Every structure is written in C-alpha cells, then in structure tokens.
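Here are a few notes from my pass through the model, for when you have it open. They cover three residues I would look at in turn.

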Amino acid sequence: MLHRIKKKMTMAGVLVIVGAIWGGLPVFAAEMPVESVSENSVSENSVPVTGEEEKEDEMIESDIKEEETEQPAETEVQDTDELQVENEADVVQPEEEPVTVNADQFQSINYQQTVLTDWQQVLEALATLTPEALTSGGGGGTLVLQLQNVDNIPSEVKGSLTDGGTGYTKILQCGLGYGVSIVINGAEDNSGFRGIGNTRVWVDSEKRGKKSVATTVHFDSHEDLGAVVSLQVNLPQCSKGTKVSVYAETVAMDEEGNVIVGENACIGTTKAGENGNVEIPIQSTANYMFVYKGAKE
C-alpha cells in the first residue's frame, strides 16, 4: 500500500510541475476568420444617425459657410489721419540750429535781445529803444544804437528817432567800413532827411610833404541828404588833439536836378579825439579829405 501511495504521490507531483510550467507560458488564441466589410456598412462602435439629426447637421454646416462668406478676412484699415500722425511721430524733427550771422553782413552791434539784420527790425527797435535794450545802457541821457556794414539808410529813420517818448535822445550810428560812420542825431531837425541810397565808401591815405598826411573818404555816389548828419572818421597816424583841416568837393544841383561836383574846398578845421577820431557835419555824400600832421611811427 505504501508503495502505491508513493507512486500516486509521485505522479501527482509530476502533474503539479507540468501544470505550473503550462501556467507560465503565454496563451495564443486561434485566429478568427476575417469577414469582408462592405463600403456601406456601419461600424459596430458608430452611433446610428437619424434623419432629423442629419438635417440639423446640414443646417449648422450651412450657417458656418454663410458666416465665412459674409465675414471677409480681417485686415486692419487705419484712418488716413491716424497714419499721418504716426508717420509724423516717427519722423525725427531736426534740432533748430542757432541763427548764424555773417560778419560782413548788415547787423546791429549793441542790441541785447537779438542781432538785427534788416532795416525793418532796426526801425522797430529804434522806435521803442530803452537803456535795457542796449549793452551800453543810456549814459549821458542818450541811447546810441550801433550798426555795421551799412550800405544804405532809409528816410524812415527820422520818424523812429523821435518815436517812443522815453526821455532819452536817440542816436543812430551807421558803420560804413574803413573806420567811417554816418551818425544821425534824433535831437536835430531831421524832418527833411531823404535817406541815402548808396553809402558805400573807400578810404586812402598819402603823404603830403615831410610830415603831413592826407586821408580821403570817397563815397560811391553824390547825394543830397536834405538834412545835416555827422561824418565820423578814424584817421590813421593821428594822435589825440591833432589839428585837422577838412576839405570837401563842392556839390551843386543844376536846374534839371543833376549833381555837379566841383573842386575841393576847405570847409573848416577840427581836432582829433581819442584814437584819431574826427567828426564833421555834412549835407551830402561826396569826397572828404582830412589833412593833418602825422604821428611818429
């Protein structure tokens, strides 16, 4: 019996081991036959669509197409004014350069607020002239507006010299170049002043004998001024206090209004001031000669 029991146990153990081995192996299912599916067949996972649902889908698709047709592609259209503003904002504005004045052009010398560069500006400034407007102030009760590179003087200055009522005597000093100036004094009677169309001059000096010097101021034209103005000249080689004899061309008008220039005639004597400056009254532009003893070099 014991032998049989052992034999049965041995067979059982073999079966257990074989079962264990089979349990660990993968199980392969037999291939199922594949059935061909027709084109009109419906997948088992799909949901059947009723007629009403099909109509509803068609209506939705139609609405979507209409919206796409009605709404054009989105393009940003900016207003022309907005574009112009943006373009102007993008443009970098150049910095304003300071006004430069050529040294040889007509201009004021001692006017503080700005440099006057034309007669309209000068006339307006002269009419309202105050001590505060000048770098030199109003010493001695006079206001002197100084100009340089002057080649003409309009007759309107006579009105600007008397306008304003500031309590100061206004004087206009017009530098012509070569140390020559024409000065118009507002305290004088300038009511007949005609203006000067051509104030251009040149100056030359020559020896007269061993010690004398003759300096001549030549005006381009001969014009009757209609009033008395001053001619200021800076004489070379002339010391302060030196006696100066003044000669001028005689200028007359014929019946037709033509200017007749005569010979030089002595019109008087004067004394030189600081730096050889002299000042004489004149009524016309002509040639003026100054004869004096030259200073030692």
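A quick word on labels before the points: helices and strands here are DSSP runs, at least four residues for a helix and at least two for a strand, numbered from the N terminus. Keep in mind that this is a predicted model.

1. Start with Tyr178, which sits in the loop between strand S3 (169-177) and strand S4 (180-185). Its phi is near 60°, a positive value in a residue other than glycine. Is Tyr178 buried or exposed? Tyr178 has a relative accessible area of 57%, and the cut-off for exposed is over 50%, so Tyr178 counts as exposed.

2. Gln237 also deserves a look for its backbone: phi is near 55°, again positive and again in a residue that isn't glycine. You'll find Gln237 in the loop between strand S7 (223-234) and strand S8 (243-253). With a relative accessible area of 30%, Gln237 is partly exposed.

3. Then there's Asn110, in the loop between strand S1 (107-108) and helix H4 (119-127). The relative accessible area of Asn110 is just 2%, so this residue is buried.

4. What does the side chain of Asn110 reach? It gets to the backbone nitrogen of Gln146, at 2.9 Å. Setting aside neighbours within four places in sequence, Asn110 is in contact with Ala133, Leu134, Thr135 and Ser136, and also with Val144, Leu145 and Gln146. Gln146 therefore turns up both as a contact of Asn110 and as the residue whose backbone nitrogen the Asn110 side chain reaches, with Asn110 itself buried.

How values were computed:
Residues are numbered from 1 along each chain as its sequence is written. This is a predicted model: local features need pLDDT of at least 70, side-chain atom pairs count only at pLDDT 80 or more; totals for chains, interfaces and linings use all residues. Side-chain values use heavy atoms; hydrogens and water are left out. Buried means under 20% relative accessible area, exposed over 50%, partly exposed in between (1.4 Å probe, protein chains only). A polar contact is a pair of N or O atoms within 3.5 Å; within protein, one must be able to donate a hydrogen and the other to accept it, and residues adjacent in sequence count only if both atoms are side-chain atoms. Contact means heavy atoms within 4.5 Å.
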